[in-house]
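Welcome! Open your viewer, get comfortable, and follow along one selection at a time.

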Amino acid sequence: MKTWDSHYIGGRWIKAQAQATFSVHDSSTEEVFATVPTGTAAEAESAVRAARAAFDGWAALPVAERADALDRIAAGLKARTDELAQTIAREVGMPLKLARAVQVGSPIWNFGNFAKLTRAFEWQERVGHSLVLREPVGVVGCITPWNFPLNQIALKVAPALAAGCTVVLKPSEVAPINALILAEVIDEAGLPPGVFNLVNGSGPEVGEVLATHPEVDMVSFTGSTRAGRRVSELASQTIKRVALELGGKSASVVLPDADLEAAIKGSVSACLLNSGQTCSAHTRLLVPEDRLPEVKELLRTAVARLPIGPSLEEGSKLGPLVSAAQRDRVLALVRQGLAEGAELIAGGPDAAVPERGYFVQPTVLRVKPGDTLAREEIFGPVLVVLTYRDEDDAARIANDTPYGLGGGVWSRDEDHAIAFARRMRTGQVDINGAPFNGQAPFGGYKQSGNGRENGRYGLEEFLEYKSLQLRTAGA
Ligand code: NDP
């Protein structure tokens, strides 16, 4: 077991003040494999001060130097790929091979991508007699979740640093080790002291300092809608910029002219990646009502192809959930749905699971619009099926949640699918299972949030505009 005892503040590892620690569990075995210190409000304050002190110098550096620093971080993460993949597979429960590709590959790619984007970015333009500058927003507090822990960090820290901002990161207490490894990598990359700071701790203690502190200019938050609302309320007192990436209840809509087999297989994968612990997971499947019997058969077949197992075991396609609390929450919601009259199609809360580890069998239920399971984010391996009469009905059901993050549309006719996608109140829609695009904006409508991450859009989140009015005529 590894004991971490310090926070990374002002370019140094500073011994934690409090004795209290968080235990980090291997979600496949339930063993505690590391502990991290529980940070205090005073430590968060000291990190904010360090970030503030470093800001002017970092913001003034030539863009190419900041881009080079990001490239060094990408290279440092790459060199530690095996260790990071093992760590995240244990923290989160994602099968190792997938964790290597998704949980480690994506952050490495993102650091490199933001380096490239920064070099190519137009940092100023002439608008009539004005010169419009893009400048860093300032000190940024980053608060991140556990489900894709390092990537959610990368999508904030990389563009913030690229923009010229300095950062205080508070990662999730449930999966904090990957962030400590990142801090080691950043330390080795030789960034000026205070440009990047890491304080582990709880949301209410450390996170709330970042949300309230007058010297923090922006909070970038990814997590639940509940905590996002709290951060937003607190941040409003100092009028800081707030970017929120929150929960979802995304619909995969199978139009009547879709290839049904491909659509069901693709929708099941889009729901169950990371055992359903994905904010943009397609957790509601909408199918024409007259196709339901075929759909049920296809769903049972698709789910049977995804055996659960420990994350470090070859052959596991789905791992456990992240924690006992998450498993219990998911099972309780499924039981509530069954009590409300949902029909069980596959899996279920009583299906056999390995003795150790926070496992839940992938579960498929038929529900009706308005049911708890049709509206609430479950954040586990649970797909709910809804039927529709016609496409107007499908559009109404697809939009009938407080969320609007992801979604999918399936049709043999791409124009038909695009026309339907335009009716969906959601931030992204995958047509016929098309893959994720790290350059395209990612973020939510409605209560799924108000920011955009990824690519150029993600970089612009961390920039201000400044207009200089000139006497000289524009080009
Ligand atoms: P939480 O909202 O519980 O936690 C997210 C982060 O916020 C954690 O670091 C947490 O700290 C912190 N936090 C909690 N309360 C506060 C507070 N009062 N003030 C400041 N910070 C606080 O979410 P989970 O970690 O459980 O992640 C799952 C949720 O995240 C799901 O709803 C999911 O949909 C969403 N998500 C959204 C994504 C998106 O891009 N839209 C991507 C990934 C996840 P602590 O360590 O104490 O928990």
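Into which domains is the protein chain divided? Colour residues 2-246 together with 448-468 as domain 1, and residues 251-438 as domain 2. Keep in mind as you look around that this is a predicted model.

**Stop 1: the two domains**

With both colours on, compare the two parts: their C-alpha centres lie 30 Å apart. Next, select the residues where they touch. On the domain 1 side, 29 residues are in contact with 31 residues of domain 2. About 2300 Å² of area is buried between the two domains, and carbon and sulfur atoms give 56% of it. Now show Glu 30, Trp 146 and Ser 448 as sticks: within domain 1, these lose the most area to domain 2, together 24% of what that side buries.

**Stop 2: the ligand**

Select the ligand next. Why does the ligand lie between domain 1 and domain 2? Both domains give residues to the shell around the ligand, so its place is between them.

Now display the 31 residues around the ligand; Thr 144, Glu 173, Ser 224, Leu 246 and Glu 377 come nearest. Try colouring this shell by residue type, and you will find twelve nonpolar, twelve polar and seven charged residues.

**Stop 3: helices and a strand of the shell**

Switch to a cartoon view and pick out helix H7 (203-212), strand S11 (218-222) and helix H8 (225-235), each of which supplies at least two residues of the shell. Linger on H8, the source of the largest share, four residues.

**Stop 4: atom by atom**

Zoom in on the ligand itself. Start at Leu 246, where a polar backbone atom is 2.6 Å from a nitrogen atom of the ligand. Move on to Lys 170: an N or O atom in its side chain is 3.0 Å from a ligand oxygen atom. Then find Arg 226, with a polar side-chain atom 3.5 Å from an oxygen atom of the ligand. To finish, turn on the surface: of the 910 Å² of accessible area that the ligand has on its own, the protein covers 91%.

Definitions and conventions:
Residues are numbered from 1 along each chain as its sequence is written. This is a predicted model: local features need pLDDT of at least 70, side-chain atom pairs count only at pLDDT 80 or more; totals for chains, interfaces and linings use all residues. Side-chain values use heavy atoms; hydrogens and water are left out. A residue is near a molecule or strand if one of its heavy atoms lies within 4 Å of it. A polar contact is a pair of N or O atoms within 3.5 Å; within protein, one must be able to donate a hydrogen and the other to accept it, and residues adjacent in sequence count only if both atoms are side-chain atoms. Accessible areas come from the Shrake-Rupley method with a 1.4 Å probe; for residues, only the protein chains shown count as cover. Ala, Val, Leu, Ile, Met, Phe, Trp, Tyr, Cys and Pro count as nonpolar, Asp, Glu, Lys and Arg as charged, and the others, Gly among them, as polar. Domain bounds come from an automatic or database domain assignment. Contact means heavy atoms within 4.5 Å. Buried area is the accessible area (1.4 Å probe) that two parts lose on being put together, summed over both.
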